[in-house]
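Take a look at the polar and charged side chains in this model. Where do they sit, and what do they pair with?

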Amino acid sequence: MKRPTLYLVLAGLLAWSLPVGAEICTIDDVPAATLLLPYFEVGEGVNTLFSINNASASAALVHVTVWTDQSVPTLDFDVYLTGYDVQTISMADIFEGNLPPTADAGADPRDTSNPNDGISNKGLISQDINFPDTMGPCTAPYTNPELDNFRLTNLIAAHTGNNAPAYGGCLGANYGDNVLRGYVTMDSTTQCNLLFPASANYFSSGIPDNRNILWGDYFYVNDAQNFAQGETLVHIESCPTPSVGNGIDECPFLPGEYTFYGRYAAVAGQDQREPLPTTFATRFLNGGIFDGGTDLIVWRDSKTVPTGLNGPYLCGAANRPPWFHLNQTDVVAFDEQENPEDLCFSSDVGSPPLGGGPTCFPLETQRVSLSGDNVIGADPAPTASFGWLYLNLNSYVLGISYPAADPAITQTWVTTVMDAAGRFSVGFDAIQLDSACSPQDIVFIP
């Protein structure tokens, strides 16, 4: 009696297998070609979890890259997803040498009598195929721990800001607390590969594809304080193939236009990924039940390629990347009576700054407390206990001349976390006020 209903449900799912698109140059929670985990932490009692989901009945291959907080890539691996598949990844597992075990149809040692039983299971309406292994058999399941002690020791050193000889020096900021920090990108790809997106031929070889089929979320888990925050990953859409009347004026991205991976694709539009916004608004609370205050998680783009002086580099404060510190245009706090207070204004909006005001978000990714006592960078601490922030994080970067219309435009992402110390916590994305496609570079001068 229930079988016709099941068939109707399956038919509906198959009809839905082409993911719904959204407006290019607006970052929204729709299936995308690239996902960004804007920041992670792994340390004593702290971990970061994230998931990669396939919104399509078609199988997907996802290339995962781990980056330091100064945008130097340190590790990459592939995750195979059958149709409608999901893979959850713990960053603590990664730093113990364990990579997520997945396998495409040819590499999966499943029971031939039960094709649904394997490492990467195939559901009733899910595709399970083979992906090309042109750069190594990376669709085979990893034998964990996949990373040997030498590789793991250097990986940990790189993400704690210590000397990592295998990489040639230091690759990240050193807070002195041995907490692992960085961010993660996930790209839909056409073939297995062992290249970083920063590699010269990653995009020119046609490795990433333009299918907007990935979605995901992430959690910061704090066992020490007994709470967690969660949000969706940043969903970065690829421009669809242009066609007459598709109503998407921004597509395709042309050479010289700002794209998410533009700095690694010779600013030639090869990645076809929409850029992030440049200005945001968000609430802050530092009182009442939210006695733990407000933190901002801020991902930024230095628009430089991590080679040579950009990393790895000799360890020590005098040998940081040439763009450090990343500057900003204007950060203003408004209290609940609309009184403005400049927190991070600078008359010199170049990176690195030559003078002017303090730099509040100096790294390519960081977690900054609005209560002060930040180890790296200034303390953007509002006088008021409650209000909202305007964040204009555009900045000229030394030696960078794109986008041609305004080289000061720099994409960024902001997430807000509010804590009631030891009781509960919430996290949410800040409000986008523009896009790097059409920036609103406004300065408030109280």
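**Polar contacts and salt bridges**

In this predicted model, the side chain of Asn193 comes to 3.0 Å from the backbone nitrogen of Leu195. A second contact runs from the Asn193 side chain to the backbone oxygen of Gln191, at 3.5 Å. Both contacts start from a residue in a loop: Asn193 sits between β6 (180–189) and β7 (214–215). Is Asn193 buried or exposed? Its relative accessibility is 0%, so Asn193 counts as buried. The cut-off for buried is under 20% relative accessible area.

Now turn to the charges. Side chains of opposite charge can pair when their charged atoms come close. How many salt bridges does the structure hold? There are six.

Start with Asp177 and Arg181. These two form a salt bridge, and their closest N and O atoms are 2.8 Å apart. The partners fall into separate accessibility classes. Asp177 has a relative accessible area of 35%, so Asp177 is partly exposed. Arg181 has 8% relative accessibility and therefore counts as buried.

Next come Arg211 and Asp209. Their side chains meet in a salt bridge, with 3.3 Å from N to O. Here the arginine is the partly exposed partner: Arg211 has 29% relative accessibility. Asp209 is buried, because its relative accessible area is 12%, and the limit for buried is under 20%.

Then look at Glu336 and Arg283. Which parts of the chain does this pair tie together? The salt bridge itself spans 3.5 Å, N to O. Glu336 lies in the loop between β13 (330–335) and β14 (340–342), while Arg283 belongs to strand β11 (residues 279–285), so the bridge ties together parts that are 53 residues apart in sequence. Neither side chain reaches the exposed class, which begins over 50%. Glu336 is partly exposed at 46% relative accessibility. Arg283 is also partly exposed, with a relative accessible area of 38%.

One more group remains. Which residues are linked in a network of salt bridges? Arg263, Asp301 and Glu364 are.

To retrace the route, go back to the Asn193 loop between β6 and β7. From there, find the Asp177–Arg181 bridge and the Arg211–Asp209 bridge. Follow strand β11 to Arg283 and its partner Glu336 in the loop between β13 and β14. Finish at the network of Arg263, Asp301 and Glu364.

Notes. Residues numbered from 1 in each chain as written. Predicted model: local features only at pLDDT ≥ 70, side-chain atom pairs only at ≥ 80, totals over all residues. Heavy atoms only, no water. Helix = DSSP H or I, 4+ residues; strand = E, 2+ residues; numbered from the N terminus. Buried < 20%, exposed > 50% of the residue type's maximum accessible area, 1.4 Å probe, protein only. Polar contact = N/O pair within 3.5 Å; in protein donor to acceptor, adjacent residues only side chain to side chain. Salt bridge = Lys/Arg side-chain N within 4 Å of Asp/Glu carboxyl O.
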